[in-house]
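Dear colleague,

I am handing over the structure below, and I would be grateful if you could look through it before reading my notes. They follow directly after it.

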Amino acid sequence: MPKVTFLVNGASFDAPVGTRFLDLCERNDAPHDFGCTVGSCGTCCLTLEQGAANVDPASSDELETVEMRTSVKGARLGCQLVIRGDIAVKPVD
Ligand code: FES
């Protein structure tokens with residue numbers, strides 16, 4: 001089962017393949033902030049420090065929101081991630 005690691009505090013949780021990152025965080029009170037939860041505010045922006053290929057690719061709408069929020073290369077929106085394998089995440093400042 002994929003493991004999701006939060007580099008901000010080292011916490012990690014198991015998630016069945018296909019779990020939404022948002023659902024995992026809500027279920028486990030994980031250390032990641034969300035706002036709108038629908039991909040428009042950018043609050044949940046993060047980088048995948050490991051396992052960038054282990055989530056579904058970003059939609060054009062997601063990329064548009066990310067670009068408004070940060071110039072960090074490879075940044076993603078936590079509320080739009082679907083987990084396919086092990087990942088390690090860090091919030092974008
Ligand atoms: S919570 Fe608003 S874009 Fe993810």
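Where is the place of Thr37? Thr37 sits in the loop between α1 and β3, where helices (H or I, at least four residues) and strands (E, at least two) are DSSP runs numbered from the N terminus. Before going further, please note that this is a predicted model, in which local features need pLDDT of at least 70 and side-chain atom pairs count only at pLDDT 80 or more, while totals for chains, interfaces and linings use all residues. Residues are numbered from 1 along each chain as its sequence is written, and side-chain values use heavy atoms, with hydrogens and water left out.

Two residues in that loop have a backbone angle worth checking. Thr37 is not a glycine, yet its phi is positive, at about 65 degrees, and with a relative accessible area of 28% Thr37 is partly exposed (buried means under 20% relative accessible area, exposed over 50%, and partly exposed in between, with a 1.4 Å probe and protein chains only). Asp29, also found in the loop between α1 and β3, has a positive phi near 50 degrees, again in a residue other than glycine, and Asp29 counts as exposed because its relative accessibility is 71%.

Turning to the interior, the largest nonpolar core (a set of buried Ala, Val, Leu, Ile, Met, Phe, Trp, Tyr and Cys residues joined through side-chain atoms within 4.5 Å) has 15 residues, of which Val4, Phe6, Phe21 and Ile87 touch the most other members. Two or more residues each come from β1 (3–6), α1 (21–28), β3 (45–50) and β5 (87–91), and α1 gives the most, with three. A second, separate core of seven residues includes Cys44, Val66, Leu77 and Val92.

Phe6 also has contacts (heavy atoms within 4.5 Å) beyond its neighbours within four places in sequence, among them Ala11, Phe13, Phe21, Leu24 and Val89.

As for the aromatic rings, those of Phe, Tyr and Trp (its six-membered ring) pair if their centres lie within 6.5 Å, with planes under 30 degrees apart counted as stacked, over 60 as edge-to-face and the rest as tilted. By this rule there are three aromatic pairs. Phe6 and Phe13 have ring centres 5.8 Å apart and planes at 70 degrees, so the pair is edge-to-face, and both Phe6 and Phe13 are buried. The rings of Phe21 and Phe34, with centres 6.1 Å apart and planes at 55 degrees, make a tilted pair, which links distant parts of the chain, 13 residues apart.

With best regards
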